[in-house]
Each structure stands twice: as C-alpha cells, then as structure tokens.
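Hi everyone, thanks for coming. Let me put the sequence and the structure up, and then I'll walk you through them.

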Amino acid sequence: MVAHRDRNGYTHLDAPARVRYTEELSGSNKQLITGGGFPGAFAAVPRYEDALVELVAWVVTEGSFQKQRARTGVMVAQSPLANPAKTARIRRLATHFAARGATATEHRHSGNGMSNFYFGAGIGDVIREIAPDKQITPAFLTSLMPQQAELFYQTLLDGDGHRAVTRSNDGYRRTVSTENFIQKDLGRIDGYQVLTSMLGRRTCAKSTRSTMGSTTRSATADR
C-alpha cells in the first residue's frame, strides 16, 4: 500500500491509497503505508494484569536477574535524579505488588543515588518465567490484549529507546514518529520486531560498532 506523490514531489496522504507490487514501485510511490496489525494475534481476554505487563518491560530494559540458586530475585535500577518520572512509575509498581503480598522493596544506593528495586517471592519467579533471560517471547506477546501490547511497547521505548519526528530528504515532514529501540542483545531486538509487526509498525534493524569495539543493535519503527 502506497501513498501518491504528484509531479511536484508532494505526498498526498489523504488521497486514496494504491496497491503496487514491489517491482512496480517508483519515485512517486515513495511513501509506503503500514497496515494495521492483526488483532487475532493478540488475546481476547487478559491473562496478565497491566501492572505485570509494564513491569516485565522495565525488567527487560532496566533489570537484571539475581544469580542465586533460588532464582527468584529480579532487580530494576533507575535514577531518581536523572529520571524521576520513570522512578515513580517503577515505585508504584513495587507498591502495587507489595500490597498483594509479594516481596517488592526499594533500596537507595548511597554511592551513586540510584534506586534499586527488588522483586522477590511472589513476583520475581513469575517474571523469570514470562521473560527468561530477559527475552521477549512470542508466547508472552500472544498472551497480551492489544492495549497491553501497546503499553508494553511504549514502556520498552521508555526504558531503552527514544522517539523523534523526522524530516525526509525532500523536505517533507512525516506524519509519523520514528521510534528507536536500542539493545546489545540480538534476541531482544528480534522480540521487539515481532511486537512491532503485530502492532502494524514497519521496522528495520542495524548494528553499530563503537570505538571501544562493542556492538549495539537498534531497531527503528515508523509509527
């Protein structure tokens, strides 16, 4: 599905969309239209509460698993000074699960001022099962309702991404935002792209090597 560009190079997104095969695409079909996601890929009834869905996203992006034999502890770190709003969101989640009998506590690091949130008995093992090795699994994604998938997606960006409205090289301001998810782990990039496809977003991924020799992978989505 493509949007039409006239002879002057202007894209008319309000004009009727046109269907073109790949080999037929030309300069006048530069703007590709991303179709909506497939609702049948998501759950019809909720399996998890929204608070757990959001917490899993914070664990994937800002969390770590405790290396203990019990394998129940999950840590999420955030800076109250640099990111007070994000810290407040994670704190609300800790309060929410603590009120339900789970172990959820906050500890301030005296050296760097970071808040370390610990999620243990009653919730840590659930997170480890849902997201083993902090991976975004198809089983978890297909258990979400559409609005939960959007919540999960936006929280992933809040943790390890950024959003921007870009301008194309012909000066046309896009009506969509470009959303970038940055990770060193290729498996998490794959999971993110599965999610974006289910939500109807067009994505591409690339690797960037730093001057120190480490490789960072990012996936860009058009909203």
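Before we look at the sheet, a word on terms: two strands count as paired if DSSP finds at least two bridges between them. Helices (H or I, at least four residues) and strands (E, at least two) are DSSP runs, numbered from the N terminus. What you see is a predicted model, where local features need pLDDT of at least 70, side-chain atom pairs count only at pLDDT 80 or more, and totals for chains, interfaces and linings use all residues. Residues are numbered from 1 along each chain as its sequence is written, and side-chain values use heavy atoms, leaving out hydrogens and water.

Let's start with β4 and β6: they run antiparallel and are joined by five bridges. If you want a spot to click on, V76 stands opposite F117 in β6.

Now zoom out. The open sheet has four strands, ordered β3-β4-β6-β5, with antiparallel pairing. β3 (63-65) and β5 are at the edges with a single partner strand each, so each has one side without a neighbour in the sheet.

On to helix α2, residues 84-98. With 15 residues at 1.5 Å each, α2 should span 21 Å (the expected span is 1.5 Å times one less than the number of residues), and its end C-alpha atoms are indeed 21 Å apart.

Which residues of α2 are buried? They are T87, I90, L93, A94, H96 and F97, where buried means under 20% relative accessible area, exposed over 50% and partly exposed in between (1.4 Å probe, protein chains only). These buried residues pack against α1 (50-62), β4 (74-78), β5 (104-108) and β6 (115-119), with contact meaning heavy atoms within 4.5 Å.
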